[in-house]
Amino acid sequence: AGNPIEGDLTSVLRPTAIKELFDSARSMFQTLIVDAPPVLPVYDAMVFGQHVDDTVLVVRCDHSRVQTIDQARGRLESVGVRVMGLVVAGNPSAARYGYY
């Protein structure tokens, strides 16, 4: 059925426009860190992920479920995005250290 993200993108998120933006940024900076919206409700992260070297999923300690995390990882990998790891945010026990 083709690429699942093509029909739902606005002109700003055209894959060619994103590629041009990232190529331009790479020529100016050694490292790019891209913060994208959640994977499951919107396609933005899937589009961005296709133009970056590595992807790290960020999940909430008190909110994200294993099944949902696996679904997000699977969705990214289905369009060729390499998921390198996971960051767990919002750990309530980390607050005792003053920062996390």
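How many bridges join β1 to strand β2, and how do the two strands run? The legends below take up this pairing and two other close-up views of the predicted model.

**View A. The pairing of β1 with β2.** Six bridges join β1 to β2, a strand made of residues 83-89, and the two run parallel. Within this pairing, T55 stands opposite V83 of β2. Together with α3, the strands β1 and β2 make a β-α-β unit that is right-handed.

**View B. The largest pocket and its lining.** The largest pocket has a volume of about 1,000 Å³, and its lining consists of 35 residues, with A36, T55, V56, L57 and V58 lying nearest the centre. Two or more lining residues are given by each of the elements α1 (15-28), α2 (44-49), β1 (55-60) and α3 (66-78), and the largest share, six residues, comes from β1. By residue class, the lining divides into 22 nonpolar, seven polar and six charged residues.

**View C. The aromatic pair of F22 and F48.** A search of the whole structure finds one aromatic pair. The ring centres of F22 and F48 lie 6.0 Å apart and the ring planes meet at 40°, so the pair counts as tilted, given that tilted pairs are those with planes neither under 30 degrees nor over 60 degrees apart. The pair links distant parts of the chain, since F22 belongs to helix α1 and F48 to helix α2, 26 residues apart. F22 counts as buried because its relative accessibility is 7%, and F48, with a relative accessible area of 16%, is buried as well, the cut-off for buried being under 20%.

Note on methods. Residues numbered from 1 in each chain as written. Predicted model: local features only at pLDDT ≥ 70, side-chain atom pairs only at ≥ 80, totals over all residues. Heavy atoms only, no water. 1 Å grid on protein atoms, 1.4 Å probe; cavity = no way out; pocket = protein on both sides within 12 Å on 5 of 7 lines; lining within 4 Å. Points joined across faces, edges and corners; volume = space filled by probe spheres on them. Helix = DSSP H or I, 4+ residues; strand = E, 2+ residues; numbered from the N terminus. Nonpolar A, V, L, I, M, F, W, Y, C, P; charged D, E, K, R; others polar. Pairing = 2+ DSSP bridges. Right-handed = clockwise from strand over helix to strand, strands pointing away. Phe/Tyr/Trp six-rings, centres within 6.5 Å; stacked < 30°, edge-to-face > 60°. Buried < 20%, exposed > 50% of the residue type's maximum accessible area, 1.4 Å probe, protein only.
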